[in-house]
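Here is a short set of exercises to work through with the model open beside you. Try each task before you read its solution.

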Amino acid sequence: MTNIERHNYDVVVIGAGGAGLRAAIEARLAGKRTAIISKSLFGKAHTVMAEGGAAAAMGNANAGDNWMVHFRDTMRGGKFLNNFRMAELHATEAPERIWELETYGALFDRTSDGKISQRNFGGHEYPRLAHVGDRTGLELIRTLQQKIVSLQQEDFAATGNYESRLRVFAETTITELFVENGRIAGCFGYYRESGEFVLFETPSIVLATGGVGKSYKVTSNSWEYTGDGHALAMRAGATLINMEFLQFHPTGMVWPPSVKGILVTESVRGDGGVLKNSEGKRFMFDYVPDVFRKQYAETEEEADRWYTDPDNNRRPPELLPRDEVARAINSEVKAGRGTPAGGIYLDIASRRSPEFILKRLPSMHHQFKELADVDITASPMEVGPTCHYVMGGVEVDPDTAAAAVPGLFAAGEVSGGMHGSNRLGGNSLSDLLVFGKRAGEYAARHADEAVKRAKVSAAALNAAVETALAPLGRGEGGENPYTLHSELQQVMNDLVGIIRRRSELEESLGRLADLKERVKKVGVAGGRRYNPGWHLALDLRNMLAVSECTAKAALEREESRGGHTREDFPKMDPNWRRVNLVCSLRDEDVRLERKPLPKMRPELMQLFDRAELSKYLTDEELAEFDELAGKADA
Amino acid sequence: MGEKRNFRVWRGDDSSGQLQDFQVEVNEGEVVLDIIHRLQATQAPDLAVRWNCKAGKCGSCSMEINGKPRLGCMTRMSTFEPTETVTVTPLRTFPVIRDLVTDVSFNYQKARELPAFAPPAGVAPGEYRMQQVDVERSQEFRKCIECFLCQNVCHVIRDHEENKPAFAGPRFFIRAAELDMHPLDARTDRKDMAVEEQGIGYCNITKCCTEVCPEHIKITDNAIIPMKERAVDRRYDPIAWLGSKIFRRDQLDRPAGYATTAVASRPNAGTTSSPAEHAAAAGAQGDISMNWHREAAVGHAAPVGPDGKLPVTEFTGELAGAQSPFGDDVAFPMAVQDITYQHPTKPDEH
């Protein structure tokens with residue numbers, strides 16, 4: 001038996017991004033001995049990538065803003081599939097969570113009267129995003145990180161040990177959760193540095209592991225986004241919802257590799273950039289759907305006149321809604337007219353002078369020049385849909401962030417329901433603060449209630465060790481993890497991407513099943529010390545599990561809504577709005593169930609006008625709404 | 001596809017290691033980190049490297065490329081000649097864990113020793129009022145992505161392991177400056193602490209930290225120099241100076257931790273209140289696995305005087321301007337044969 005380091009904590013937080021750190025702060029403030037498990041170094045979480053800001057209806061920029069307006073915007077953005085209670089809590093509590101950060105030392109940009117400045121963002125009715133230039137995510141992480149250090153300093157003053165009540169386990173990956181007698185008993189993982197194993201015995205675990213983007217070939221996510229929390233939760237017996245909803249951006253860079261996945265802002269198209277295929281054809285004119293025919297130009301000449309004379313000309317088809325653009329790009333690539341890297345060309349260089357581009361798109365120009373030596377004033381960009389955010393995640397109780405297994409909590413991107421079928425920009429940073437705090441609070445409370453703590457059984461521990469060591473045992477003779485990873489990414493990119501259709505989704509399930517068998521035979525060379533091949537080998541089964549959820553749910557949901565677009569079912573269907581697809585694991589296979597959506601409270605329903613609701617609700621629901629409205633009037 | 005290029009990557013762990021040669025495909029538009037990833041995928045699956053965002057925002061992939069501290073994701077292959085061998089080594093100032101991954105826990109220890117933001121008394125959350133112009137000064141330092149390249153390049157600790165206990169390094173001088181300039185921080189002793197607790201006096205303003213900062217933070221000009229100013233005012237006060245000559249050190253209430261003498265002070269060699277000891281004591285209490293005893297690698301000779309130190313000012317040095325710890329005759333990128341990455345030996349061997 002391998003020697004295993006053991007720890008005992010009241011609360012263990014898996015993930016050290018915004019949600020994880022906020023949860024840990026709350027658990028420690030509640031007096032609980034808390035561990036934070038970070039897959040990377042402390043302070044390197046993917047949260048740093050968030051640029052826009054954190055949405056909170058503080059009303060600094062426009063006094064008309066309040067939580068009800070924010071709630072409405074969030075529900076609209078999610079196409080009414082959101083868990084209404086989560087959206088409500090989020091909208092009401094976000095301002096407090098932001099103000100709290102200032103007491104930790106955060107320095108947001110200011111308004112002229114010294115308050116926190118708020119900026120406009122797509123989908124938000126009022127300027128609402130608290131921000132620090134374009135590095136708001138970094139400010140958030142640093143602030144929370146420094147708050148944790150400050151709590152450790154207090155503990156040092158009290159006990160002589162910085163880590164007596166709050167400890168960060170950096171570069172540590174959790175591979176297994178333990179459930180005994182139906183409740184959480186602990187978790188198991190390895191230190192990346194040494195490869196040594198570590199066991200945490202704890203009654204409360206908060207999952208805050210972020211998203212799943214690394215299953216896709218083109219993604220703006222970092223290597224850590226392998227769906228660990230999603231998979232751990234399912235293996236522990238919890239459920240996932242909304243896994244079919246992924247946020248893609250139609251134009252991410254696909255080449256060169258140094259900037260693959262990085263978003264190219266839509267304003268490149270707004271300022272004259274056009275999409276061309278490998279034959280040099282400006283193909284968007286072939287993809288204008290009938291419903292948009294009247295608003296969009298039919299000839300290149302007319303389209304080009306629009307930039308200077310929008311009143312007398314129709315818009316260029318490059319400015320069609322996001323999913324239309326994505327669909328067109330998808331079709332061109334699949335028809336074999338894509339670039340070698342599998343994208344299409346976005347050309348502004350041949351259409352605008354370098355001076356114009358520099359003036360209108362300075363940060364885009366700078367970013368690509370600095371990261372890739374690509375001069376967007378000189379040559380076209382290669383772009384394609386890029387995976388950005390997963391709306392789906394662990395099904396939780398809105399108020400307590402508790403998952404189906406007692407003792408398990410989830411917050412941030414790994415949890416599901418808050419954003420419905422599509423997330424508004426700026427809502428993720430506030431989401432992780434609001435629900436990170438709640439998860440920490442209720443995890444601490446659960447630790448109090450768990451008087452008799454369950455012990456992790458030796459058999460479960462042995463099995464976890466065996467699973468973790470298996471790829472090393474097979475050595476170089478096994479399947480290469482890097483090859484398997486790139487094949488998985490290709491399958492997800494080609495068949496479960498931004499535009500989906502039945503035949504492809506069915507094909508993907510077959511391919512994923514094959515991959516699942518091969519992942520069981522994955523082998524790596526080298527030892528346990530900081531061996532990235534081994535780490536990837538262990539992450540693969542998580543990526544496969546969440547990919548299977550996404551593919552199955554995408555096949556089941558026969559409509560298009562938010563981050564799920566079915567070419568064979570292009571319309572939104574009010575009947576589908578009432579259904580959540582819930583994934584769970586039976587043995588090794590993902591099981592899918594339909595579950596009704598919680599019903600919105602009447603007073604929240606009445607924040608919307610009937611005309612808007614009629615786009616989303618079934619006739620039956622509308623009749624109920626009318627009845628309510630009638631009562632209110634009477 | 002791309003052409004084959006020559007790479008030399010340091011491989012090994014805390015016991016031994018060497019530069020290993022690779023022939024690897026390089027495509028247009030790639031950065032050094034892409035090539036490391038290709039090596040992992042095709043030739044060396046267990047090659048250890050830290051990375052996260054691959055967009056210059058997280059500060060994980062710090063390494064030394066042709067001898068110069070850089071981020072792997074921000075170093076484009078097009079900046080090298082096609083025939084040039086690119087040599088990649090781990091950060092030299094920190095102990096190697098494996099291949100390109102080093103133990104940077106020194107920095108997290110130093111972060112703990114710096115008192116956190118002290119919220120103003122009687123100001124409720126939501127009532128904080130600050131002007132943009134006032135927050136901007138601190139915001140510059142909050143751009144820091146904690147890549148620790150400045151810590152790695154700083155010669156006070158790069159080749160002087162013995163200075164580590166007493167010296168916090170540029171990353172934490174900008175943190176101190178950030179809090180000192182924070183409009184609402186309740187502490188007023190940040191500058192004194194920079195001298196007494198952080199050892200800012202060791203810094204002789206060679207600006208190497210500023211030069212390697214990927215966020216282009218003006219570490220020296222905007223943080224270190226302003227933090228030194230008040231300290232210098234007091235320490236060069238003739239009466240204080242006279243006092244320091246008349247009284248013994250242990251009779252003074254302030255430790256003599258400034259540039260000209262502090263380098264010599266060691267744990268158990270100086271007074272009881274020297275910053276070195278203070279920090280060492282705090283380190284011991286804090287008890288994290290820190291290896292203070294690692295033998296430092298021999299670097300390129302710095303232009304030191306007979307006393308073994310860099311000139312304090314350019315007036316006493318041979319060259320105008322700040323001295324580089326690499327030596328002033330070194331041009332980057334360095335030729336492969338000139339890169340002398342020396343692996344630190346095991347701590348228990350001596």
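**Exercise 1.** Which backbone nitrogen does the side chain of His249(A) reach, and at what distance?

*Solution.* Keep in mind that you are working with a predicted model. Start by placing the residue: His249(A) belongs to strand β13 of chain A, which covers residues 246-255. Next, follow its side chain, which comes to 3.2 Å from the backbone nitrogen of Thr251(A). Finally, look further along the sequence. Beyond four places away, His249(A) touches Leu263(A), Val264(A) and Glu266(A), along with Gly384(A), Pro385(A) and Thr386(A).

**Exercise 2.** Which residues does UniProt list under "binding site"? For His249(A), decide whether the residue is buried or exposed, and do likewise for Arg423(A).

*Solution.* Begin with the record: the unreviewed UniProt entry lists His249(A), Thr265(A) and Arg423(A). Then apply the cut-off, under which a residue is buried if its relative accessible area is under 20%. His249(A) has a relative accessible area of 13%, so the residue is buried. Arg423(A) has 10%, so this residue is buried as well. To find Arg423(A), go to the loop of chain A between β18 (408-410) and α11 (427-449). Leaving out residues up to four places away in sequence, Arg423(A) touches Gln247(A), His388(A), Tyr389(A), Met391(A) and Ser428(A).

**Exercise 3.** What does the side chain of Glu244(A) make a polar contact with? Work out the surroundings of this residue too.

*Solution.* First, locate Glu244(A) in the loop between β12 (240-241) and β13 of chain A. Its relative accessible area is 0%, and therefore Glu244(A) counts as buried. The polar partner is the side chain of Arg557(A), at 2.6 Å. Now list the contacts beyond four places in sequence: they include Arg500(A), Thr550(A), Gly563(A), His564(A) and Leu581(A). As a last step, check the separation along the chain. Glu244(A) and Ala551(A) are 307 residues apart in sequence, yet 7.0 Å separates their C-alpha atoms.

**Exercise 4.** How many helices and strands does chain A have, and what share of its residues counts as buried?

*Solution.* Counting the elements of chain A gives 19 helices and 22 strands. Of its 634 residues, 64% are buried. For the contact pattern, take pairs at least 6 apart in sequence; in chain A, 72% of those contacts join residues at least 24 apart. To finish with the surface, chain A exposes about 22000 Å², and carbon and sulfur atoms supply 48% of that area.

**Exercise 5.** How many residues of chain B are in contact with chain A, and how many salt bridges are counted between the two chains?

*Solution.* On the side of chain B, 68 residues are in contact with 63 residues of chain A. Together the chains bury about 5500 Å², with 52% from carbon and sulfur atoms. Within chain B, the residues that lose the most area to chain A are Lys57(B), Arg112(B) and Arg142(B), which together account for 14% of what that side buries. Turning to polar pairs, there are 5 salt bridges between chain B and chain A. One of them joins Asp14(B) to Arg529(A), with the closest N and O atoms 3.5 Å apart. The count of residue pairs in polar contact is 37. Elements of chain B that give two or more residues to this side include α1 (32-42), α3 (132-142) and α12 (275-286).

Key. Residues numbered from 1 in each chain as written. Chains lettered and ligands numbered in written order. Predicted model: local features only at pLDDT ≥ 70, side-chain atom pairs only at ≥ 80, totals over all residues. Heavy atoms only, no water. UniProt positions renumbered as here; feature names shortened; annotations may be inferred. Helix = DSSP H or I, 4+ residues; strand = E, 2+ residues; numbered from the N terminus. Buried < 20%, exposed > 50% of the residue type's maximum accessible area, 1.4 Å probe, protein only. Contact = heavy atoms within 4.5 Å. Polar contact = N/O pair within 3.5 Å; in protein donor to acceptor, adjacent residues only side chain to side chain. Areas by Shrake-Rupley, 256 points an atom, 1.4 Å probe, with all protein chains shown as cover. Buried area = accessible area lost by both parts, 1.4 Å probe. Salt bridge = Lys/Arg side-chain N within 4 Å of Asp/Glu carboxyl O.
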